[in-house]
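Here's a walk through a structure from a modeller's point of view: what packs where, how the strands line up, and where the open space is. Have the viewer ready and follow along.

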Amino acid sequence: MTTSIDREKKILELLQKQGSASIQELVGAFGVSNMTIHRELNKLADAGVIQKKHGGVSLVTKSPTEDSSQCAMCNKPISARTVFIVQLENGEQKRACCAHCGLMIQGQSKGAFQSLTADYLHGHIISANQAIYILGSDLMICCVPSVLSFGSRQDAEKFQRGFNGILATMEETIQHMHKMMHAHQQSA
């Protein structure tokens, strides 16, 4: 049985190949109802990755001057496994290489209304607000301190048993980062 997350991923893959698709084409491709396809498309549209149009859908096109492969905070390359996306009210999207940079961008951006992050284990995009984070694990993927996002507490706890770190909500992660920055500034 295909899950909602699997369908979202496959819809994006199809759109990356074709550029656009009709609702009926998606209904036929996935063998689900119009309503199910519309629900999946609404989630993707809310995330700012697709644009719904009458009877169909297409990928959101980026400005040719915008380099979405580089982190808006530290300019490191962005990996699909650790991407963090901050959606602004004006429709602009700021992309980060990891949750560490993403949460910093979110805190500095006026008009940030939604943030999304990749589940480190499974790769699907989840709400940053609902993610569970591991801070300072032994696995250094990107920026320091390491902040990894997980879609479920169980997955995060399993990862923590193998790679240590602190389990935290988004709010706790932001507070932890502020404390670390303040301590660093005090010692400088």
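## Around Cys-101

Leaving aside residues up to four places away in sequence, Cys-101 touches Cys-71, Met-73, Cys-74, Ala-96 and Cys-143. Keep in mind that this is a predicted model.

Cys-101 sits in helix H4, where it is buried along with Ala-99, His-100, Gly-102, Leu-103, Met-104, Ile-105 and Gln-106. That makes H4 a mostly covered helix, with 8 of its 10 residues buried.

Zoom out a bit and you get to the largest nonpolar core, which has 29 residues; Phe-84, Cys-97, Cys-101 and Tyr-133 are the ones that touch the most other members. At least two residues of this core come from each of E4, H4, E6, E8 and H6. H4 supplies the largest share, 5 residues. Apart from this core there's another one, of 13 residues, and its members include Leu-14, Ile-23, Val-27 and Ile-50. As background, nonpolar side chains in soluble globular proteins tend to be buried together.

## Strands and who faces whom

Tyr-133 brings us to strand E8, which covers residues 132-135. Which way do its side chains go? Ile-132 and Ile-134 point to one side, Tyr-133 and Leu-135 point the other way, and all of them are buried. That's the textbook pattern: in a regular strand, side chains alternate between the two faces of the sheet.

E8 has pairing partners in E9 and E10. In E9, Leu-135 has Val-147 as its bridge partner, while in E10 Leu-167 stands opposite Ile-134. Elsewhere, strand E2 pairs with E3, and there Lys-53 sits opposite Gly-56. Here are the pairings side by side:

| Strand pair | Sense | Bridges |
|---|---|---|
| E8 (132-135) and E9 (147-150) | antiparallel | 4 |
| E8 and E10 (166-168) | antiparallel | 3 |
| E2 (50-53) and E3 | antiparallel | 4 |

E2 and E3 form a hairpin with 2 residues between them, and Gly-55 in that turn has a positive phi of about 80 degrees.

## Backbone oddities in the loops

If you're setting up a simulation, these are the backbone spots to look at. The loop between E8 and E9 holds Pro-145, and the peptide bond leading into this proline from Val-144 is cis, with omega near 0 degrees.

Two asparagines also take a positive phi. Asn-75 isn't a glycine, yet its phi is about 65 degrees; its place is the loop between strand E3 (56-59) and strand E4 (84-88). Asn-164, also a residue other than glycine, has a positive phi near 60 degrees, and it is found in the loop between helix H5 (153-163) and E10.

Are these two asparagines buried or exposed? Asn-75 is exposed, at a relative accessible area of 53%. Asn-164 counts as partly exposed, at 41% relative accessibility.

## Where the open space is

Rolling a probe the size of a water molecule over the atoms shows where empty space is left. The largest pocket has a volume of about 930 Å³. Of its 32 lining residues, Leu-12, Leu-44, Val-49, Ile-85 and Ile-125 are the closest to the centre.

Which elements build that lining? At least two residues each come from helix H1 (4-18), helix H3 (34-46), strand E5 (93-96), strand E6 (112-118) and strand E7 (125-127). H1 gives the most, with 6 residues. By class, the lining of the largest pocket has 14 nonpolar, 11 polar and 7 charged residues.

The second largest pocket holds about 160 Å³ of space. Its lining consists of Leu-103, Met-104, Gln-106, Gly-107, Gln-108, Ile-174, Met-177, His-178 and Met-181. Helix H4 (99-108) and helix H6 (170-187) are the elements that give two or more residues to this lining, and H4 gives the most, with 5 residues. The class split for the second largest pocket is 5 nonpolar, 4 polar and no charged residues.

So H4 turns up in both stories: it provides the largest share of the largest nonpolar core, and it gives the most residues to the lining of the second largest pocket.

Notes: Residues are numbered from 1 along each chain as its sequence is written. This is a predicted model: local features need pLDDT of at least 70, side-chain atom pairs count only at pLDDT 80 or more; totals for chains, interfaces and linings use all residues. Side-chain values use heavy atoms; hydrogens and water are left out. On a 1 Å grid over the protein atoms alone, a cavity is a set of points where a 1.4 Å probe fits but cannot get out, and a pocket is an open set with protein on both sides within 12 Å along at least five of seven lines; lining residues have an atom within 4 Å of a point. Grid points are joined across faces, edges and corners, and a volume is the space filled by probe spheres set on the points. Ala, Val, Leu, Ile, Met, Phe, Trp, Tyr, Cys and Pro count as nonpolar, Asp, Glu, Lys and Arg as charged, and the others, Gly among them, as polar. Buried means under 20% relative accessible area, exposed over 50%, partly exposed in between (1.4 Å probe, protein chains only). Two strands pair if DSSP finds at least two bridges between them. A nonpolar core is a set of buried Ala, Val, Leu, Ile, Met, Phe, Trp, Tyr and Cys residues joined through side-chain atoms within 4.5 Å. Contact means heavy atoms within 4.5 Å.
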